[in-house]
Amino acid sequence: EHQLGYEVDAAEMSKWEEMLAHGLADYRMLYPDRFKRRVRRGIPQCHRWQVWKEMLNIDIETVARDYHLLCDKPNQWTSQIEMDTPRTFPSLHCFGENEQKTLRRVLNAYAASNIHLGYCQGMNYVAGLLLIISEMREEECFAVLGCIMEDDRFRLAGFYRDKLPLLQRYLRACDKLVNASVPDLRDHFIKENVQPAVYLHQWFLTLFINCFPLSMVAVIWDVIISEGLPVILKVAVSILQVLKESLLQMQIEDIVRFFKKMKTYDDDAGGDMGAYKVGQLLVKHTEHVVIPERTLEYLNRALDDRVDEDFDLDEDGLEGNNTWFQGIFKMFGGNTQRRGSPNTGNTTSSSRGPWPSSSSPPTPTPPPAAVDVPGMDEEPPAPKLVQSVVATSRATTGPGSNHHYNYRPQLPQRSIPVEPIFQSTTPCGVSDDGRRGGCDDDSSAEDRRQWEFL
C-alpha cells in the first residue's frame, strides 16, 4: 500500500464506496464527467483493482479457464521469461521470489495463449504491475493482461509485435505533439542528439512503470484504464512541458541522467508533496493537452507490416521538420529476431487464446537498446521532479488569481525555475454543471483545501 499511494481521506473514500454500491457501470453512464474527474484524482488503492476490472468489463471466469492449462506448460518463450522475471522490480521488497514465480506463470500463460505475439521485454513490467495492484490474483491478472493487450481501447500488443508497429505510430504522434506544444525543447533535443530511445521508448514500452515511482504510476494507470491507451501521449507531452525549462539548460549527458533518475524520487523526501500527489498534478495537467482527431485516426488504423509514413498528419497542423523522427524507423528495420522469441519456422499456426491476434505471426525484432552515453558512471541525486510539477501547477491553477505564485524551486544543476505553461483562473477545474471555475462537482471543504494546496 505504501508503494502505491497515500491514505485517502474519509470524504473521498465515501464517494467511491457510494459509486461501487450504486454500480460502477451505471454510475459511469449517468455521471460520466464526474466519474472521469474522480478517477483522475486517483482511485483508492483498496478499490483500485475492482474498479479497473469493472472499467474493462471482462468476463474473468471465462478467460481464466485456460490459465491453469497454460501457466506451467513450457513453450518457446519460457526460457526468456525465466531470465526476465528476476529483473522485474528487483528493489521492491513486496516483489520477492514467490511473486517472481507468479509473474513467470502469468507471462508464460499469455505467451502460450497468443503465439502470434508470444513474449517481449516490457510485458514483464505490465504484468508485474497488475500483480501488485491485484495483490497477486494471477488468474485475474491473466485476464486483464489479455484485455489491455488485445482490446480495441488499448491494443498494447502492437507495442511488442514484430517491428513494434504501434510503438512507431505513438512515437511519431508524440513527436508531432511535442513539435506543436514545446517546439523549442524539440529543437534542443535535436541539437543535443537526444533520441527517443533516451526516454520515450521506456515510457511507452513499460507504460511509465519502469520510469517513475509506483505511487505516481498508479495514478497514471488509473487514467489509462479509464480513457484508453492514447492518453499516454498527453502524459508524455505534459511531462516535457512541466520540465521544459530545466531540460533546455542541460546537455545530452545531463538529460540522460535526469530521465534515468526520475524513477528514484523518494516519496518520503517529498513530504506532503509525495510522488502520488505529483502524479495527481501531472494527470491534472494533461487536461490542457489535446490530441487531434486526425492523430487518433492514425493511431487506430489497422496494424500491418508497412511503415506508416504514408499517413499525412499535416491536417492536424502538427507536421514539421521530421529529421529527428526519421531515425526512429531505422531503429526498427532489418530482420533481427526479437529477444525471447525463437523462429519456429512455421508461422501459420493459430492463436489458442481467447483474444484476437495479429493477422499473421511476426518474425520478432528486439526493442531498441538504450543509448549508451560516455561519462555515465557518476550517480547524480534523484531529479527533483516534484518542484517542477508544483511550480507549474501553482502558476497555472492557483486559487482565484491570474498572477503567478512567487515560487522558485530548487532544480537540478544548470537548470532554471519552470515558467508557467498555462494561465488559469480556476483552482480546481470544472463545476457540477460543467462551468469553468469551480471545484470538482462533489468537492467537500476538505477537497477544496487539498486542491488549493496542490
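Helices here are DSSP runs of at least four residues, numbered from the N terminus. With that in mind, welcome to the tour; the model on your screen is a predicted one.

**Stop one: Arg48**

Start by selecting residues 45-56, which make up helix α4, and pick out Arg48 within that helix. Is Arg48 buried or exposed? Arg48 is buried, because its relative accessibility is 0%, and buried means under 20%.

Now show what surrounds this side chain. Beyond its neighbours within four places in sequence, Arg48 is in contact with several residues, including Leu4, Ile133, Val219 and Tyr276. Look next for the backbone oxygen of Ile43, which the side chain of Arg48 reaches at 2.8 Å.

**Stop two: across to Asp222**

Keep Arg48 on screen and add Asp222. These two residues form a salt bridge, with 2.9 Å between the closest N and O atoms. The pair joins distant parts of the chain: Arg48 sits in helix α4 and Asp222 in helix α14 (residues 214-227), 174 residues apart. Both partners are buried. Side chains of opposite charge can pair when their charged atoms come close.

**Stop three: Asp175 and Arg186**

Move on to helix α11 (residues 165-181) and select Asp175. Which residue forms a salt bridge with Asp175? The partner is Arg186, and the closest N and O atoms are 2.6 Å apart. This pair also links distant parts of the chain, with Asp175 in helix α11 and Arg186 in helix α12 (residues 183-191), 11 residues apart. Asp175 is buried at a relative accessible area of 1%, and Arg186 counts as buried at 4%.

**Stop four: a small network**

Glu12, Lys15 and Arg41 are joined into one network by salt bridges that share partners. Select Lys15 and Glu12 to see one of these bridges, where the closest N and O atoms are 3.7 Å apart. Both residues lie in helix α1 (residues 10-22), 3 residues apart, or about one turn of the helix. Lys15 has a relative accessible area of 7%, so this residue is buried. Glu12, at 6%, counts as buried too.

If you would like to keep exploring, there are 17 salt bridges in the whole structure.

**Last stop: the cysteines**

Finish with Cys174 and Cys211. Cys174 is buried, with a relative accessible area of 1%, and Cys211 is buried at 6%. How many disulfides does the structure hold? The count is 0.

Terms used
Residues numbered from 1 in each chain as written. Predicted model: local features only at pLDDT ≥ 70, side-chain atom pairs only at ≥ 80, totals over all residues. Heavy atoms only, no water. Disulfide = S-S within 2.5 Å. Buried < 20%, exposed > 50% of the residue type's maximum accessible area, 1.4 Å probe, protein only. Helix = DSSP H or I, 4+ residues; strand = E, 2+ residues; numbered from the N terminus. Polar contact = N/O pair within 3.5 Å; in protein donor to acceptor, adjacent residues only side chain to side chain. Contact = heavy atoms within 4.5 Å. Salt bridge = Lys/Arg side-chain N within 4 Å of Asp/Glu carboxyl O.
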